[in-house]
Amino acid sequence: MQTQDYQALDRTHHLHPFTDFKALGEEGSRVVTHAEGVYLRDSEGNRILDGMAGLWCVNLGYGRRELVEAATAQLEQLPYYNTFFKTTHPPAVRLAEKLCKLAPSHINQVFFTGSGSEANDTVLRMVRRYWALKGRPDKQWIIGRENGYHGSTLAGMSLGGMAPMHAQGGPCVPGIAHIRQPYWFGEGQGMSPEAFGRECAAALEAKILELGEDRVAAFIAEPVQGAGGAIMPPESYWPAVKKVLAKYDILLVVDEVICGFGRLGEWFGSQHYGLEPDLMPVAKGLSSGYLPIGGVLVGDRVAETLVEEGGEFFHGFTYSGHPTCAAVALKNLELLEAEGVVDRVREDLGSYLAERWASLADHPIVGEARSLGLMAALELVADKTTGQRFDKSLGAGNLCRDLCFASGLVMRSVGDTMIIAPPLVIRREEIDELVELARRALDETARRLTHAPHMQEEPTA
Ligand code: PXG
C-alpha cells in the first residue's frame with residue numbers, strides 16, 4: 001500500500017485521539033512506519049528526529065531487541081492471565097517488587113492498570129476509600145490544577161484542569177476543584193518567580209478553606225506539567241505546597257506519568273522536588289511505550305489502611321498487571337538501570353540540553369527557553385521586549401510544529417509554547433541536531449509571520 005492508500009482508509013475508518021476528524025481527513029495523516037534509536041521513518045521514506053519520545057514515553061528509544069525478546073518469551077510462556085481471584089504470575093510480582101525498590105522508601109505496594117488514565121481513576125477510588133475507612137467520609141474533595149493533565153477517562157479528565165475537555169465532556173465527576181497553575185511565564189509576569197510560586201501555593205490554602213478544611217481529601221499535581229506546556233514550577237512552589245498539605249492532613253498525589261522513569265534526571269519527579277507522595281500514578285516510560293501498562297504506587301499510609309481495614313476493594317481491570325506488558329516493563333527498568341540512563345540524564349544530558357536550548361533564547365520570536373532534565377519548552381512571542389504573544393489567529397505554535405515536522409523534527413506545540421521531551425538515550429550530537437532543526441523552524445516561522453502581509457501586497461506575476 002502507498003501513502004495515499006493508508007490515508008484514504010484512515011480517513012474512512014479511523015477516528016484519531018485529540019483530533020479534528022474532518023480537518024485531518026482533508027489534510028491526510030502522516031504515516032509512520034518504522035523507528036530506530038531516536039529517529040522515525042514515514043511511508044515516504046523521510047527520517048524524523050522524534051523530539052517527543054512518541055508521546056513522552058519511549059524513554060529507551062526505538063528498536064530495542066531486549067524488549068522484543070522479553071515480550072516474545074512471555075507471550076510463549078503465558079501471554080495472558082489475570083490477577084483477580086487470588087491469582088498472580090511471575091512478571092507482575094517481579095515488576096511490583098522492582099518498582100518498590102526504585103520508588104521512595106515509604107512506597108511498598110503497586111496496583112496495576114493499563115494506562116495513565118486508568119491509574120488516575122484508581123487514585124480517585126483509593127483516595128475516597130482511604131478517608132471513608134478512616135472514618136472521615138466527608139473528606140471527599142480532591143483539588144487539582146487548571147491546565148493540569150491526568151488523562152482522558154471521565155475521572156482523569158475531571159482531575160485534570162483542561163478547560164476545553166471539561167467543556168466537551170462535562171458534567172465532570174463531582175467533588176473535584178481546581179486552583180491556578182504555577183505557570184510563571186504565562187501568568188506570573190510582573191512578580192518574581194519565587195513570589196509567584198508562593199502565591200500559587202497560597203491559592204491551595206485558600207481553596208481548602210473555601211471548601212472546608214475538614215473536607216479536602218487530596219491534592220493531585222504533576223511535578224512538572226507536561227501536556228500543559230512543560231511548565232516547571234518556581235523553586236518556592238513545592239516546599240510551600242508541602243507545608244499547606246501537612247497543615248490540613250491532606251494526601252498528596254504526584255502524577256508521575258510523564259516525569260517518572262528518568263525524564264527529570266531522577267527515577268521519579270518526586271525525588272527531584274523532594275516530595276513524599278501518598279500515591280504516584282505511573283505509565284508511559286514504565287514500558288518505554290512498547291506495550292501499554294500503568295499503575296499506582298501506593299505509600300505505606302494508604303496501603304496499610306486499604307490492606308488492614310479495607311476488605312475487598314471493588315476495582316480492577318482485565319489487564320491489571322498483564323504478564324506480557326509487565327515482562328516488557330521489567331526488562332525496560334532493568335535496562336534503564338544497567339545502562340545508567342537516568343544518571344546520564346541527571347549528570348550529563350540534562351545540563352547539555354539546558355545549555356544548547358538556552359542558545360535559542362536569543363531568537364527574535366522566543367520569549368523564554370526553559371528546560372529540566374530532558375524536557376524543554378520555548379515560548380513564542382511577537383515582541384521579545386514586552387513578551388506580547390502572537391495574535392491567536394496566526395496559529396504560530398502549530399505553524400512552527402508543522403515546519404519542524406516537514407524538516408525532520410517532531411516538536412509539539414501547546415498553543416504558542418513549543419515542547420520537546422526526546423528519548424532519554426539521545427546522544428549529544430543528536431541534541432545538537434535537534435536544536436539546529438528547531439532553530440531553523442523558528443527562523444522560518446518568524447519569516448512567515450512577519451512577511452506574510454507584505455507578500456500579499458507584492459504584485460503577482
Ligand atoms: N497523567 C499525565 C501526567 C499524563 O501526561 C496521563 C496521565 C494519561 O495517561 P494515558 O496513558 O491514559 O494517556 C497522561 C497522558 C500530549 C499528551 O499531547 C499527553 C498525554 C497523553 C496524550 C497526549 O501532551 N499524557
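Q: How many residues apart are Glu436 and Arg440 in helix 17?
A: They are 4 residues apart in helix 17, residues 428–457, so about one helical turn separates them. Keep in mind that this is a predicted model.

Q: What do the side chains of Glu436 and Arg440 meet in?
A: Start with the general idea. Side chains of opposite charge can pair when their charged atoms come close. Here Glu436 and Arg440 form a salt bridge, with 3.9 Å from N to O. The cut-off for a salt bridge is 4 Å.

Q: Is Glu436 buried or partly exposed?
A: Read the relative accessible area. Buried means under 20%, exposed means over 50%, and partly exposed lies in between. Glu436 has 33%, so it is partly exposed. Arg440 has 49%, so it is partly exposed as well.

Q: Which residues do salt bridges that share partners join into one network?
A: The network holds Glu266, Asp343, Arg346 and Glu347. One pair in it deserves a look. Arg346 and Glu266 meet in a salt bridge at 3.8 Å, N to O.

Q: Where in the chain are Arg346 and Glu266?
A: They sit in distant parts of it, 80 residues apart. Arg346 belongs to helix 15, residues 341–358. Glu266 belongs to the loop between strand 8 and helix 12. Arg346 is partly exposed, because its relative accessibility is 37%. Glu266 is partly exposed too, because its value is 23%.

Q: What does Arg370 form with Glu368?
A: A salt bridge again. The closest N and O atoms are 2.6 Å apart. Now check the accessibility. Arg370 counts as buried, at 11%. Glu368 is buried as well, at 19%.

Q: How many salt bridges does the count come to?
A: The count comes to 28 salt bridges.

Q: Which side chain of opposite charge is nearest to Glu256?
A: The nearest one is Arg263, 10 Å away. Glu256 is buried, yet it has no salt bridge. Its place is the loop between strand 8 (251–254) and helix 12 (269–273).

Q: Which residues is Glu256 in contact with, leaving aside its neighbours within four places in sequence?
A: Glu256 contacts Pro223, Phe268, Gly269 and Ser270. Met280, Pro281 and Val282 are also on its list.

Q: At what angle do helix 5 and helix 14 pack?
A: First the general idea. Two packed helices are described by the angle between their axes and the distance between the axes. For helix 5 (residues 90–102) and helix 14 (residues 323–338), the angle is about 35°. Their axes are 8 Å apart. The crossing of helix 5 and helix 14 is left-handed.

Q: Which residues of helix 5 and helix 14 make the contact?
A: Helix 5 gives Pro91, Ala92, Arg94, Leu95, Lys98, Leu99 and Leu102. Helix 14 gives Pro323, Ala326, Ala327, Ala329, Leu330, Leu333, Glu334 and Glu337. The residues of this contact divide into 11 nonpolar, no polar and 4 charged.

Q: Where is Pro79 found?
A: Look in the loop between helix 4 (65–77) and helix 5. Pro79 counts as partly exposed, because its relative accessibility is 39%.

Q: What separates the C-alpha atoms of Pro79 and Thr324?
A: Keep two distances in mind here, one along the chain and one in space. Along the chain, Pro79 and Thr324 are 245 residues apart. In space, their C-alpha atoms are separated by 5.9 Å. Pro79 touches Gln74, His322, Pro323 and Thr324, not counting residues up to four places away in sequence.

Q: Which residues does Leu291 touch, not counting residues up to four places away in sequence?
A: Leu291 touches Thr324, Cys325 and Val328. Leu291 lies in the loop between strand 9 and strand 10. It is partly exposed, at 26%. The C-alpha atoms of Leu291 and Gly114 are separated by 9.3 Å, with their places 177 residues apart along the chain.

Q: What is the phi of Lys86?
A: Phi is a backbone angle to read by its sign. Lys86 has a positive phi of about 60°, although it is not a glycine. Lys86 is in the loop between helix 4 and helix 5. At 88% relative accessibility, Lys86 counts as exposed.

Q: What is the phi of Lys284 near?
A: Phi of Lys284 is near 40°, a positive value in a residue other than glycine. The loop between strand 9 (279–282) and strand 10 (294–299) holds Lys284. Lys284 is partly exposed, because its relative accessible area is 24%.

Conventions:
Residues are numbered from 1 along each chain as its sequence is written. This is a predicted model: local features need pLDDT of at least 70, side-chain atom pairs count only at pLDDT 80 or more; totals for chains, interfaces and linings use all residues. Side-chain values use heavy atoms; hydrogens and water are left out. Axes are lines fitted to C-alpha atoms, for helices over the stretch in contact, and angles run from 0 to 180 degrees between N-to-C directions. Helices (H or I, at least four residues) and strands (E, at least two) are DSSP runs, numbered from the N terminus. A crossing is left-handed if the near helix is turned anticlockwise from the far one by less than a right angle, and right-handed if clockwise. Contact means heavy atoms within 4.5 Å. Ala, Val, Leu, Ile, Met, Phe, Trp, Tyr, Cys and Pro count as nonpolar, Asp, Glu, Lys and Arg as charged, and the others, Gly among them, as polar. Buried means under 20% relative accessible area, exposed over 50%, partly exposed in between (1.4 Å probe, protein chains only). Lys and Arg count as positive and Asp and Glu as negative; His and the chain ends are not counted.
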